[in-house]
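I opened this notebook to keep a record of what I looked up, one topic at a time. The entries below follow the order in which I turned to each part.

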Amino acid sequence: MAFIEIQNLFKRFKKVVAVNHIQLEVNEGEMLTLLGPSGCGKTTTLRCIAGLETPEEGDIVIDGKPMLSKGFVHPSKRGIGMVFQNYAVWPHMKVYKNIIYGLKIAKLPKRIIQEKAQQILELVGLDGLEERYPSQLSGGQQQRVALARALVRNPKVLLLDEPLSNLDAKLREELRFEIKDLVRRMGITAVYVTHDQAEAMVISDRIAVMDSGNVVQVGTPQEIYEKPANRFVADFIGTMNFMSGEVVEVLQDRDAVYVRTEFSAKMLCKTPNITATTPGKKVYASIRPEDVEVFTEPPQARENLVKGTIVHKAYLGNLLYFFVSVDGHMIRVQASHNVPQEEGQELYLFLNPQKCMILL
């Protein structure tokens, strides 16, 4: 059941459309991530949910209650906790006072405040740091203070606006799992905003990919990665080789097509929508680097086999990364260490038809 419903949401800043009539649902207890490049509308959507921006059209329904259509509901009345990118902790208040600030405003009894504060301090790993000022904390600890302050009032919804972007890579990786585990244990419905694809893949139950104010695909991390809706999604999530071409034959019984590319007369690719594919259609034959198989000698005859030359190589520890030129077209390849590593080395590439897909 949808706990948050975003209905036909439209928001404009002067002549710029930030959110373009989007429809989106967040299930109860789910972590949904809004993912996309800067300026795609993800933070504006989050701020509309929070009540920090007012859209020109549409409505937001939280736990069955409209936030706009039956009168604007103030942010403080929406049952929301929010964690900002820049922490937004009070520098003149110690950790304890930062965390209980909202509880004091709500005029809860002192005993209840103390109990809730102690519970949340232990939950986010800040127990023993109550008397420190934010300036005496690391970036990760300050972010935990912001998270504790958002959670201490047991919100219906937790909103997180790129909360890890100011932290170093190792700490970001650590806190991703902490936030995911914490939200699940508390059973909170959460909306998370990021431009970091790896972060989205790790932390999300589902991902909504946004582009130019539109939601272009919604799905689990695996669905988004393995079955991208279009070239934009495929290019934004992970790494993809794109080979422009034209459909020359449709294989209805195999949900596949032959595509003529710049270096191959007939490349076999699967297609997610066989009924919309016709001969002559301009498409991109697409395959991820890890799905390209590498051989030093030509294997037994098979389709989608091409010959190329290593132009660049990169050593990434547990694997090798090659840029291979095939008739002037560069294909990125992920390979193991048992493959010859010299630039200028000729290789045979097998573009697996089961992994090669066509995208528009």
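Before listing any neighbours I fixed the term: I take two residues to be in contact when they have heavy atoms within 4.5 Å. I also keep in mind throughout that this is a predicted model.

**Entry on Val-250.** I started with Val-250, which I located in strand S11, residues 241-251. Setting aside the neighbours within four places in sequence, I found Val-250 in contact with Ala-256, Val-257, Ile-274, Thr-277, Thr-278 and Pro-279. I then took the distance from Val-250 to Val-152, which lies 98 residues away along the chain, and the C-alpha atoms of the two turned out to be separated by 58 Å.

**Entry on helix H4.** I next asked how far apart the end C-alpha atoms of H4 are, and whether the figure agrees or disagrees with the expected span. At 1.5 Å a residue the 13 residues of H4 should span 18 Å, and the end C-alpha atoms are indeed 18 Å apart, so the two values agree. I then turned to burial and noted that H4 is mostly covered, with eleven of its 13 residues buried. The buried residues that I listed for H4 are Gly-140, Gln-142, Gln-143, Arg-144, Val-145, Ala-146, Leu-147, Ala-148, Arg-149, Ala-150 and Leu-151. For their packing partners I wrote down strand S6 (80-83), H2, H3, S7 and H5. In the loop between H4 and strand S7 (157-161) I came upon Asn-154, whose phi is near 50°, a positive value in a residue other than glycine.

**Entry on helix H2.** Since H2 had appeared among the partners of H4, I looked at H2 itself, which covers residues 95-105 and has Val-95, Asn-98, Ile-99, Ile-100, Gly-102 and Leu-103 as its buried residues. These buried residues pack against helix H3 (110-123) and helix H4 (139-151). I also noted that H2 is followed by Lys-107, which has a positive phi, near 60°.

**Entry on Ser-212.** I checked one further backbone angle, that of Ser-212, which sits in the loop between strand S9 (206-211) and strand S10 (214-219). Its phi is positive, about 50°, although Ser-212 is not a glycine.

**Entry on cavities.** How many cavities of 30 Å³ or more are there? I counted one, and I recorded a volume of about 40 Å³ for the largest cavity. The residues that line the largest cavity are Val-83, Gln-143, Arg-144, Leu-147, Pro-163, Leu-175 and Ile-179, and I sorted them into five nonpolar, one polar and one charged. Both H4 and helix H5 (169-186) supply at least two residues each to this lining, while H4 gives the most, with three. Two of my entries thus meet in Gln-143, which is among the buried residues of H4 and also among the lining residues.

**Entry on cysteines.** I finished with the disulfides, of which I found zero. A disulfide is a covalent bond between the sulfur atoms of two cysteines. Why does Cys-48 not form such a bond? The closest cysteine sulfur, in Cys-40, is 13 Å from the sulfur of Cys-48, which is too far for a bond. I noted that Cys-48 is buried, with a relative accessible area of 1%, and that Cys-269 likewise counts as buried, at 0% relative accessibility.

Conventions
Residues are numbered from 1 along each chain as its sequence is written. This is a predicted model: local features need pLDDT of at least 70, side-chain atom pairs count only at pLDDT 80 or more; totals for chains, interfaces and linings use all residues. Side-chain values use heavy atoms; hydrogens and water are left out. Buried means under 20% relative accessible area, exposed over 50%, partly exposed in between (1.4 Å probe, protein chains only). Helices (H or I, at least four residues) and strands (E, at least two) are DSSP runs, numbered from the N terminus. On a 1 Å grid over the protein atoms alone, a cavity is a set of points where a 1.4 Å probe fits but cannot get out, and a pocket is an open set with protein on both sides within 12 Å along at least five of seven lines; lining residues have an atom within 4 Å of a point. Grid points are joined across faces, edges and corners, and a volume is the space filled by probe spheres set on the points. Ala, Val, Leu, Ile, Met, Phe, Trp, Tyr, Cys and Pro count as nonpolar, Asp, Glu, Lys and Arg as charged, and the others, Gly among them, as polar. A disulfide is a pair of cysteine sulfur atoms within 2.5 Å. The expected span of a helix is 1.5 Å times one less than its number of residues.
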